[in-house]
Amino acid sequence: MKDRRSISRRSALLLALSSSGALAKGFGGLADKAPGFAVPQPGTPLVFPKDHGPHPNFRTEWWYVTANLSGADGASYGVQWTLFRHALEPNATRGGWNDRNVWMGHAAATSTSEHLFAQKFARGGIGQAGVEATPFRAFIDDWVLETRDDSTGAGIERLRVLAGDRDFAYALDLTATGPIVLQGESGYSRKSETGQASYYFSQPFFKAEGSISLHGRKMQVSGRAWMDREWSSQPLGPDQKGWDWFALHLDGGAKLMLYRMRSVEAAPHLFGNWIDAGGATSLLTGEDIGLEPLETIRIADRDVPIRWRVQIKSRGLDIKTQPLNPRSWMGTDPAYWEGPIRFSGSHIGEGYLEMTGY
Amino acid sequence: MKETLWTLAALASHWRRRPGNLGMLLLGLAMATALWSGVQALNAQARNSYDAATAAVSGGGARTLGSSRSGLFDQDLFVKLRRAGFNVSPVLEGLVRIGEQNVRIIGVEPLSLPRRSPIARMRSRADLIEDFFSGPGRGFASPETLRRFNLAEGAQPLTNRGRQLPPLAALAEAPPGAIVVDIGVAQHLLDRHEKLSRLIMADDETLDEARLKSIAGDALRLVAANEESELDRLADSFHLNLTAFGFLAFLVGLFIVHAAYGLAFEQRLPTLRTLRALGVAPMHLVAAMAWEIAVLTLAAGGVGVIGGYALARALLPDVARSLESLYGAQISENLALDARWWFSGLAMAGAGAVLAAASGLLKTLRLPPLSVSRPIAWRAEHHSYLRRQTALAVLALVVAACAYGFGKGLASGFAVIGLTLLAAALFLPVGLAGALALGEHVARRPLARWFFADGRQEISGLSLALMALLIALAANIGVGGMVEGFRQTFGRWLDARLVAEIYFEAATPADAQDIETWARKQPEISAILPVFRAKTRIGGWPVDVFGMTSHETYTAHFPLLDAEPNVWTALHDQDAVLVSEQLARRLGLGVGAMIDVPTSHEDWRARVVGVFPDYGNPKGQLRIDHEKLKRYFDDASGIHYSLRAAPDATPRVIEDLQQRFDGKIARIVDQSELKALSTEVFERTFAVTTALNTLTLIVSGVALFASLLTLSEMRRARIAPVWALGATRSQLAGLEMIRVLAFAAGAAVLATPLGLFMTWCLVAIVNVAAFGWRLPFHMFPAQWLVVLLIALGAAFFAALVPLVRLARSAPTELLRVFSNER
C-alpha cells in the first residue's frame, strides 16, 4: 500500500526538535535505526483501552487534541493540547529518576487577535508527567487530558482537557459523538517503502464544551475537537524538511485529514483520508489531492503560507481556507505554525492547519 | 606651562642626587598600595566566588523554597507542586568524600531549571545534555575544580561510600568546588533517596502562599534570596577583618610616604626658596610638585598594585582554605581581577600620596621668598601642636566610647578598636613631651638638660613614625593575644570534645548495624557511642542536631559553658537540649529557657539545660538524647559512631574494622588524626591574620627608619651648636641613640595596654559578632617582651645609619651649618 500519510506531522515535529539543539540526540534520531526498540508490525490489532496508554517499548508517541470553538460572545477560538513521550534509550520506563522517558507538552489558545502558547518538559518516572490507560489520564504538570468523573466506560468517550499559562487557560469537556478511527491498515500506518511505520488512530468526533480565558477574560465556548494518537520508533526519512497538515470538520459531519510532505530532494507528496459522518474511512492518493498556497506572510523571519486552495477531485471538493489568526505561531522548541482555520467553497466548515519547516 | 616644566625639572634634580630618598618614598607608597590592594583582591576574589556559587544553579537572586523543618524534604512535594502548576525545579545538595577531599555535589533537574541559571545553558549544548540523564550520566565541574581535586575529564571517581560518580566533564559555568549531576544521580551518591534540599522558583513565578500551604502544609517555606547566603554573611566578618588589616597596613605605609616626602621637602627647601626668589609663583611650584606626585603615584602605585596581586596570589590558598574550613565556602584559586580593581588600587595610591604630601604642599604655598630661621618659634608651635593632639585624642576616645555604648556588632567593634588606637597614637607625642618635660625639670647637668629639651623639639618630627610604630605594636600584641588565646582555648576544647579514641562513618545505616553488632563483641572496645545527626532550621538558621547517649565520655568530659546542676540526667530523661554558644547567642537563650525545635513531624518544645562552646562552627548545634533524635528526626543519619578503646589497642581495632568491613566503612579516623585535622584548620584560619600582622610590623619598621633619616638631616642644624660647645660627635651620637630607643620603648610600653584592650575588643566584641562565640581573655607577657624587643630592635637599626653618619661626619659639615644658614 502506498499509504504514507501517517508519516505524521508529529513524528516530524519531533525530528524538528533536533535542529533546536535541545535534547538533540534524544529527539533527533527519529530517522535513525532504533536498536532495542520495538518496531510496528502489520496485522497487529489495536486493543482498547490498553492502547490509550503509553507503549514503553516504542521510542516515541503522542497524544494530540485540537478544538475549533465559538464563544458565547459569537467570536471564534481554537485550542491545542499536545503531550509527547520520547524514550532516550530502550527500556526507558524504570521508575524514579532512572526513568529515561522525556515528556513534552505544548498548549495554545487562539482568537482572531491573539495566539497564546506555552510548552513544558518533564522527566518520566516520578509522577510529574505520564499517561495511564484506565481510567485514561494523560498529564504533564497541571495540564491534563483525562477521563471525566461522570464517565462510566473505560475508553476515551468522555474526557476533559485542561491547560494554561500566565496569559491563558482553558478547560473543555470532550464528548465523543462517533467511533475511534483507525488510520492506515487497521491502525498500522506505513511511513515509507523501506518499512518505516507507526501505529496510528484518531478520534475526530469530539463535541467540546467549556471555557477559555485569555488575559483573565473568561468565555464559555463550545465546538468540535479532534484527537490523534500515534506511536513508533523510527517513523521518518532524513530528507523531509516540513509539511502542511489539515484536519477539517466538514459541515454535514464528514472529516478530512490531508497533508503535503515537503522533501528536500523529491517532489512533495500529498496524502489524505476521507472520514464519513459514520466513521468509515477512504484513503486519498496524491493524484486525487490538490493543495495550493494562496497567500504568504512574514512571521518570525519566515515566509509562511496562510491561505490555501484545497481540492479533492473524487469528492468534488474545492475550498479556500482562511486562518482565524494569521499569526498562530508556536514559538516553542521547535517553532511552527498551528492554528484554527475556516473554509468555504464547495464545502464549508472549520479545522486546524499545521505547517512546519518554514 | 613652560614655567611649571622648568620648575619640575629643577625639583626633580633632587631625586637624582638623593636616590635613597626617592627609593624610600616609592617603597612606602608601593608597600601601602600593595597591602591594601592585595587584601582587596582577596576580598573581591572571595565575593566573586560566592556569587558564582549561589548564581550557578539558580541564576542569582532566585527565590527558593526550602524545608521549614529538617534539612531535606520529600520529593513528593516537588511533584505535587508541579502538578498544581507551580513552576519549580528541584535541587539536592550535599557533600561526598573522594579520597581525602570533601566535594560538594549539586543535583539539578535540567528540564525544569530556570532559563537564567548558568547551568541551564547546557540545555543549548547538545553534546553536554545528551548524556546528562541518560546512559551513565554526566558530572559537570569547572576546569579549575577538576584540577583542584586532581580529577580528569571522563574519570569516574568513587566516593568513600563506594558510590561511583558519572563520567566527569568540564563546564565553565559549574560553581567552584562543586560537581553538578542529575538530581537522580545526586540522590544515589548522597544516599538521599527521594529527598530534596530546595526548589528553585522560575523568574516570573509569583508565589501563592495560601495555595502552597494547601498543597505542602507547612513543610515548605519561602527562603529569601539573601537568607540562602547566610554563610556568606558569616564570611563577611572574615572579610571585614581582612579589610581592617589592609587599611591599617595602608595607613602605616602612608607614614613612610609622609616621612620620605617630608625629608625631600626639608632637603629641597633651599631649592624652593631659590626658585621663589627667582620669581616662580607659589602656584607654579605647587603645580610642579603635584605633577611630581602624579608621576610618583603612577610608578609606585603601579608597582604596588602588582605587588598586591602577588601578595593576594601568595595568600589566596590560605584564605581559600580558611573560608572553606570555616564556612564551607568554595573560593576559586584562579585570581581573576577586573579593571576596576587595578584602577582603585592606583586611586588609593594617589589619594595616599596626596594626603601624605599635603603638609609639604601647603607649606610650599605659604613659603616666603626670604626667610630667616627662627629657632625659638618652634616652642609656641609645639605647644599648639600638643594641644591639638590632646583635643583630637580626647575626641577619638569619646567617639570610641559612643561606638561601644550605642553601636552593635562587628562594625562597632572595629570602630572601637580603630578609634582607641587613633586616640592612643595622637596622645603618644603628648605623653612623650610630658615625660621629657619632667626629665628636663629633674635633670641638673647641662648636657642632660639639653638632651631632654632637644628631645621635646624632636617629637613633632618623629611623632608620625612613632604613632605608626605604636599602632603596629599594639595591633601585634592585640592580634597575637587573641590568636594565642584562641589556640590555647581551642586546644583544651578539642581535648575535651574528642575523648573517644576512634570515629567512623558507616556507608549505610544497615552497615552501621553490622559494625555495631561486631563491635559489641570485641573486648578491646569498651563503649560504642552512636552520634547520629539530623538537620533542622531555627530562626532561619541552619542547625545540626546531634544525638548523645548517656556515657562517661560526655558526662565527665564534654565541655559546657553553663549548665543546670543535673544536666546529663535532665538531658536523657526530660525534654531537654544542650545548645551551642552560637545558637544560644543568636536566639538570646540561656540555661532554663524553652526552645521550639522543628523536627520531621512537629515542633518539639524542650528546655535548654546547658550551653556548650562550639568553636569554628558556622552553623548552630543542638545536642539531644540519642533516642529522642531517632524518634523526632526521620532522616537522622544513623551512620556516625565514636568508639572507646584502650589507647594501645586503638590501631589494632582500626585495622580490624578496616579489614572486616572494607566497603561498609566510609571513613574512619583516630583521635590524634582528628585533632591534627582540626588544628590544621585552625592554623590556616589565622595564617593570613598572622601574615598581615607581620607585614604591618615590617612596614612600620620601615616607617621609623624613613622618619629617622629625615630627622637626622634636619637635626644637623641643632646638633652643630652643641658640638661647637664641646660635646664630642660620638657622645652626641650615643645620646641620639638613647633618645630613639627611649622613644621606641615608650611606644612599646604604651602599646602593651593598648594591645590588651584590642585583644579584649577582638574576643569580646568582634569575635562574638563575627562568629558567635566568645573566647576567654588571656594575657601573654612573653609576647609583650617580644614586641618590646622588636620595637627596640627596629628603632636601633633604623637609627643606626643616620647615627653612624653623624659620628663619622666631618667637622666641616657641622661647621657649614653656621655658614650656610637655611
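Okay, let's start at B:Glu3, which sits in helix H1 of chain B, residues 2–17. Keep in mind that this is a predicted model. Is B:Glu3 exposed, partly exposed or buried? It counts as partly exposed, because B:Glu3 has 16 C-beta neighbours inside 10 Å. If you skip its neighbours within four places in sequence, B:Glu3 is in contact with B:Val280 and B:His284. And then there's B:Ala288: that residue is 285 residues from B:Glu3 in sequence, but C-alpha to C-alpha the two are 8.9 Å apart in space.

That sort of pairing brings me to chain B as a whole. We've got 822 residues there, and 45% of them are buried. The chain has 23 helices and 21 strands. Take the contacts in chain B with a separation of 6 or more, and 83% of them come from residues 24 or more positions apart.

Two other spots in chain B go the same way as my opening example. B:Ser359 is in helix H10, residues 339–366 of chain B. It comes out as partly exposed, because 14 other C-beta atoms lie within 10 Å. Along the chain, B:Ser359 and B:Gly262 are 97 residues apart, while their C-alpha atoms are separated by 8.4 Å. Then look at B:Pro781, in helix H22 of chain B, residues 781–808. B:Pro781 has 8 C-beta neighbours inside 10 Å, so this one counts as exposed. Its C-alpha atom is 9.5 Å from that of B:Gly481, and those two are 300 residues apart along the chain.

Now, helix H3 of chain B, residues 75–83. Which residues are buried in this helix? They are B:Gln75, B:Leu77, B:Phe78, B:Leu81 and B:Arg82. Those residues cover an arc of only 155 degrees around the axis, so they end up on the same side of H3(B). What's covering them? In chain B, the list includes strand E2 (73–74), strand E3 (88–98), strand E8 (195–196), strand E9 (198–201), helix H7 (209–216) and strand E10 (220–223). After H3(B) comes B:Gly85, and its phi is positive, near 95 degrees.

Staying with helices, have a look at H12, residues 409–442, and H21, residues 729–771, both in chain B. They pack with their axes 10 Å apart, at an angle of about 170 degrees. That angle is why H12(B) counts as roughly antiparallel to H21(B). And what's in the contact between them? There are 20 nonpolar residues, five polar ones and no charged ones where H12(B) meets H21(B).

Next, the sheet I'd like you to find on screen. It's an open one in chain B, with four strands in the order E12-E20-E11-E21, and the pairing is antiparallel. At the edges stand E12 (525–530) and E21 (665–670) of chain B; each has a single partner strand, so one side of each has no neighbour in the sheet. On average, ignoring direction, neighbouring strands here are turned by 20 degrees against each other.

Zoom in on one pair in that sheet. E11 of chain B, residues 502–506, pairs with E21(B) in the antiparallel sense over five bridges. Here B:Ala506 stands opposite B:Ile665 in E21(B). There are helices on this sheet as well. Helix H14 of chain B, residues 509–520, packs on the sheet and touches E11, E12 and E20 (640–645) of chain B. The direction of H14 makes about 155 degrees with that of E12(B). Helix H19 of chain B, residues 650–660, also packs on the sheet, touching E11, E12, E20 and E21 of chain B. For H19, the direction makes about 175 degrees with that of E21(B).

Last stop, chain A. How many helices and strands does chain A have? Two helices and 23 strands. Of its 358 residues, 53% count as buried. For contacts in chain A between residues at least 6 apart in sequence, 56% join residues at least 24 apart.

One bit of chain A to click on: strand E3, residues 101–110, and strand E4, residues 115–123. These two run antiparallel in chain A, joined by nine bridges. A hairpin takes you from E3(A) to E4(A) through four residues. If you want a pair to look for, A:Ala109 has A:Leu116 in E4(A) as its bridge partner.

How values were computed
Residues are numbered from 1 along each chain as its sequence is written. Chains are lettered from A and ligands numbered from 1 in the order in which they are written. This is a predicted model: local features need pLDDT of at least 70, side-chain atom pairs count only at pLDDT 80 or more; totals for chains, interfaces and linings use all residues. Axes are lines fitted to C-alpha atoms, for helices over the stretch in contact, and angles run from 0 to 180 degrees between N-to-C directions. Angles under 35 degrees count as roughly parallel, over 145 as roughly antiparallel, 65 to 115 as roughly perpendicular and the rest as oblique. Ala, Val, Leu, Ile, Met, Phe, Trp, Tyr, Cys and Pro count as nonpolar, Asp, Glu, Lys and Arg as charged, and the others, Gly among them, as polar. A residue is buried if 20 or more other C-beta atoms lie within 10 Å of its own, exposed if 12 or fewer, and partly exposed in between; C-beta atoms are placed from the backbone. The arc is that of the directions from the helix axis to the C-beta atoms. Two residues are in contact if their C-beta atoms, placed from the backbone, lie within 7 Å. Two strands pair if DSSP finds at least two bridges between them.
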